[in-house]
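Student: I am new to this structure. Please take a close look at one part of it with me, and show me how that part fits with its surroundings.

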Amino acid sequence: MDRYREIIENIYLVFAQYDGGIPFDCDYCHPKDWQQYFVETPLREISEDHGYSLATEVVDHWFGSLVYRHYLPRVLELLGPPFLVDDLCPELIFEKLLAMGYCQWPSAEQQAVKEYFEYIA
């Protein structure tokens, strides 16, 4: 498990340059107080339930790739051991990564994500 923690810490480090804020652009789907939670809660303290919402939200609701990358470390942390968020199909994350331009991200970001998936596979 020590290797897993190293991988997670590296992901947080690699993606630390991105600002957070309200991740979704949909007042119809998410009330303002729910969205405010993401502004007020430190990234590493986002709950499993809110993390699940981050992981499953449709791509067109996100404010964009930069905001997505801010939240990605917490999403991946919750999806991995000890699997705090379950009932989630990995294809959903792969779909979002591609939609958010993963193939054009800097190599350090791609490598951090790849290393994560190689470890948990």
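**A close look at helix α4 and its surroundings**

Tutor: Start with one small contact: the side chain of Thr 41 reaches the backbone oxygen of Tyr 37 at 2.7 Å. Keep in mind that this is a predicted model. Thr 41 sits in the loop between α2 (32-40) and α3 (48-56). Is Thr 41 buried or exposed? Its relative accessible area is 17%, and buried means under 20%, so Thr 41 counts as buried.

Now to α4 itself. This helix covers residues 65-79. We can begin at Ser 65, which belongs to α4. Ser 65 has a relative accessibility of 19%, so this residue counts as buried. Its side chain joins that of Trp 105 in a polar contact of 3.4 Å. Setting aside residues up to four places away in sequence, Ser 65 touches Met 100 and Trp 105.

Next, a residue from a loop. Gly 20 lies between α1 and α2. What does Gly 20 touch, leaving aside its neighbours within four places in sequence? The answer is Val 67, His 70 and Tyr 71. Gly 20 is partly exposed, at a relative accessible area of 28%. Compare its position with that of Tyr 52: the two are 32 residues apart in sequence, and their C-alpha atoms are 17 Å apart in space.

Now look at how α4 packs. Two packed helices are described by the angle between their axes and the distance between the axes. Take α3 and α4. Their axes come within 9 Å and cross at roughly 110°. That angle falls in the range from 65 to 115, so α3 is roughly perpendicular to α4. This crossing of α3 and α4 is left-handed. On the α3 side, the contact uses Glu 48, Gly 51, Leu 54 and Ala 55. On the α4 side, Tyr 71, Val 75 and Leu 78 take part. Sorted by type, the residues of the α3 and α4 contact are five nonpolar, one polar and one charged.

Turn to α1, which spans residues 2-14. The axes of α1 and α4 come within 8 Å and cross at roughly 160°. Angles over 145 count as roughly antiparallel, so α1 is roughly antiparallel to α4. The crossing of α1 and α4 is right-handed. Which residues meet here? From α1 come Tyr 4, Arg 5, Ile 8, Ile 11 and Tyr 12. From α4 come Pro 73, Arg 74, Leu 76 and Glu 77. The residues of the contact of α1 with α4 divide into six nonpolar and three charged, with no polar ones.

Pause at Leu 76. This residue lies in α4. Its relative accessible area is 0%, so Leu 76 is buried. What surrounds Leu 76, leaving aside its neighbours within four places in sequence? Leu 76 is in contact with Tyr 4, Ile 8, Ile 11, Ile 93, Tyr 116 and Phe 117. Ala 99 is another matter: from C-alpha to C-alpha, Leu 76 and Ala 99 are 17 Å apart in space, and they are 23 residues apart in sequence.

One of those contacts leads to helix α6, where Tyr 116 has its place. Tyr 116 has a relative accessibility of 1%, so this residue counts as buried. Tyr 116 and Leu 76 are 40 residues apart in sequence, yet their C-alpha atoms are 8.1 Å apart in space. Not counting residues up to four places away in sequence, Tyr 116 touches Leu 76, Leu 79 and Gly 80, and also Tyr 4, Ile 7, Ile 8 and Ile 11.

Last comes the pairing of α1 with α6 (residues 107-120). Their axes come within 10 Å and cross at roughly 155°. The two helices, α1 and α6, are therefore roughly antiparallel to each other. Their crossing is left-handed. On α1, the contact is made by Arg 3, Tyr 4, Ile 7, Ile 8, Asn 10, Ile 11 and Val 14. On α6, Ala 108, Glu 109, Ala 112, Glu 115, Tyr 116, Tyr 119 and Ile 120 make the contact. The residues of the contact of α1 with α6 divide into ten nonpolar, one polar and three charged.

Notes:
Residues are numbered from 1 along each chain as its sequence is written. This is a predicted model: local features need pLDDT of at least 70, side-chain atom pairs count only at pLDDT 80 or more; totals for chains, interfaces and linings use all residues. Side-chain values use heavy atoms; hydrogens and water are left out. Helices (H or I, at least four residues) and strands (E, at least two) are DSSP runs, numbered from the N terminus. Buried means under 20% relative accessible area, exposed over 50%, partly exposed in between (1.4 Å probe, protein chains only). A polar contact is a pair of N or O atoms within 3.5 Å; within protein, one must be able to donate a hydrogen and the other to accept it, and residues adjacent in sequence count only if both atoms are side-chain atoms. Axes are lines fitted to C-alpha atoms, for helices over the stretch in contact, and angles run from 0 to 180 degrees between N-to-C directions. Angles under 35 degrees count as roughly parallel, over 145 as roughly antiparallel, 65 to 115 as roughly perpendicular and the rest as oblique. A crossing is left-handed if the near helix is turned anticlockwise from the far one by less than a right angle, and right-handed if clockwise. Contact means heavy atoms within 4.5 Å. Ala, Val, Leu, Ile, Met, Phe, Trp, Tyr, Cys and Pro count as nonpolar, Asp, Glu, Lys and Arg as charged, and the others, Gly among them, as polar.
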